[in-house]
Amino acid sequence: MKKRRLNGNRIKAILIMLMLVLLLTGCAQGTAHVTVKKDGSLDLAFSLMLDARAEKLVSGKVEELLTTRLAAAGIELKKTASGKSTEYQFHKSYASMEELKNSSSGIDIVEAEVGQTDRWLYTKYDVVAQPKLNAYSDEIIDGIGSLNVPKSLVRLLMGSFSVDFKLTIPYDLYGANNAAEQDGNTLTWHVSLADSEPIQLVVYVPDIRNIAITAGGILLILTVLLTWFIRKRKLKRLKAPPEATAPTHRPGPL
C-alpha cells in the first residue's frame, strides 16, 4: 500500500507540474536584436515581456539580476507596465565591435569562437557562439526560496521560456547557418533559458579594395584587347591589294 501511495503521489506531482507548464507557457517573451551598420557601428536592443504570473514566479529576481549585470556594462534597464504585463528593455549603440566587447564584459551571456579565412576577394568568418542563459536561470532559481516552489519545477518552467536572438547586417552575406528563420538580411534563433545548441553561422565579407583592383585589372585587359583588335583590322585593310577593275571597251563605228 505504501508503495502504491508513493507512486500515486509521484504521478499527482507530475500532473501538477505538467499543468503548470501548460499554464505558464507563453507568459514570457524576449527579443535580443543586434543590428550592424555599414560604417561598422552597431545597435543592441533587448526586450523582455513578463505577464503577471511570470512576474510573480520570479519574484523580482529578473529585475535585480538584469539591473546588476547591465549596470556593469554601462547600460540602463527600463521597466514599464503594459496592462497586466511588465516589460524590461534597453537600447545601446556602439561605435564598433571592439567597443561592444570591451564594455560588455560584465554581461557574460555568450562564449564565442570566430574562425577567419582570408581570400583575395573576401574574408570568410566562421562563428560559433554558445549562449550562457542557463547561468541566469540558475541565479533566478536560487532566489525563489520565499515562494516555496520546488526548484525542479521552476527549472522545468524556465526551460519552456525562450529568447529570440536576431542578427541584422547591411547585406545578405550569410553562408551556412543554423538559424530558425531568415528574413532578408536578418537571421533569427530561438534560444532557450535551458541549455541550448550553439549558434552557428558563416559570413562572407568582401574586400572592396581587392575587388576594385581586380575589376580595374580586368577592365585594363579588355581595353588592351579591344585596342589590339581594332589596330589589327586597320592593318589588314591597309595591306589588302586594291581590287582589280575590269577594262572598258568603247563601241567601234558601225
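In this predicted model, the protein exposes about 17,600 Å² of surface, and carbon and sulfur atoms supply 59% of that area. Turning from the outside to the inside, 28% of the 254 residues count as buried. The chain folds into seven helices and 11 strands. Many of its contacts link distant parts of the sequence: among contacts with a separation of 6 or more, 60% are made by residues 24 or more positions apart.

A good place to begin a tour of the interior is the largest nonpolar core, which has 29 residues. In soluble globular proteins, nonpolar side chains tend to be buried together. Within this core, the residues with the most contacts are Leu66, Phe90, Leu167, Tyr174, Trp189 and Leu201. Two or more core residues come from each of several elements, and these can be followed along the chain: β1 (28-36), β2 (42-50), α3 (61-72), β4 (85-94), β6 (122-131), β7 (162-168), β10 (186-192) and β11 (199-206). Strand β2 gives the most, with five residues.

Leu66 offers a closer look at how such a core is joined up. When residues up to four places away in sequence are not counted, Leu66 touches Phe46, Leu48, Leu77 and Tyr88. Readers following along in the structure can place these partners on the elements named above: Leu66 falls within the range of α3 (61-72), while Phe46 and Leu48 fall within that of β2 (42-50) and Tyr88 within that of β4 (85-94).

Charged side chains add another theme. Side chains of opposite charge can pair when their charged atoms come close. The structure holds one salt bridge, and its partners are Lys37 and Asp43, whose side chains meet at 3.3 Å, N to O. The side chains of these two residues are also joined by a polar contact of 3.3 Å.

How buried or exposed is each partner of this pair? Lys37 counts as partly exposed because its relative accessibility is 39%, a value between the limits of 20% and 50%. Asp43 has a relative accessible area of 16% and is therefore buried, since the cut-off for buried is under 20%.

Asp43 also brings the story back to strand β2, where this residue is found. Leaving aside neighbours within four places in sequence, Asp43 is in contact with His33, Val34, Thr35, Lys37, His91, Lys92 and Ser93. Thus the strand that gives the most residues to the largest nonpolar core also carries Asp43, one partner in the salt bridge with Lys37.

How values were computed: Residues numbered from 1 in each chain as written. Predicted model: local features only at pLDDT ≥ 70, side-chain atom pairs only at ≥ 80, totals over all residues. Heavy atoms only, no water. Core = buried A, V, L, I, M, F, W, Y, C linked by side-chain atoms within 4.5 Å. Buried < 20%, exposed > 50% of the residue type's maximum accessible area, 1.4 Å probe, protein only. Helix = DSSP H or I, 4+ residues; strand = E, 2+ residues; numbered from the N terminus. Contact = heavy atoms within 4.5 Å. Areas by Shrake-Rupley, 256 points an atom, 1.4 Å probe, with all protein chains shown as cover. Salt bridge = Lys/Arg side-chain N within 4 Å of Asp/Glu carboxyl O. Polar contact = N/O pair within 3.5 Å; in protein donor to acceptor, adjacent residues only side chain to side chain.
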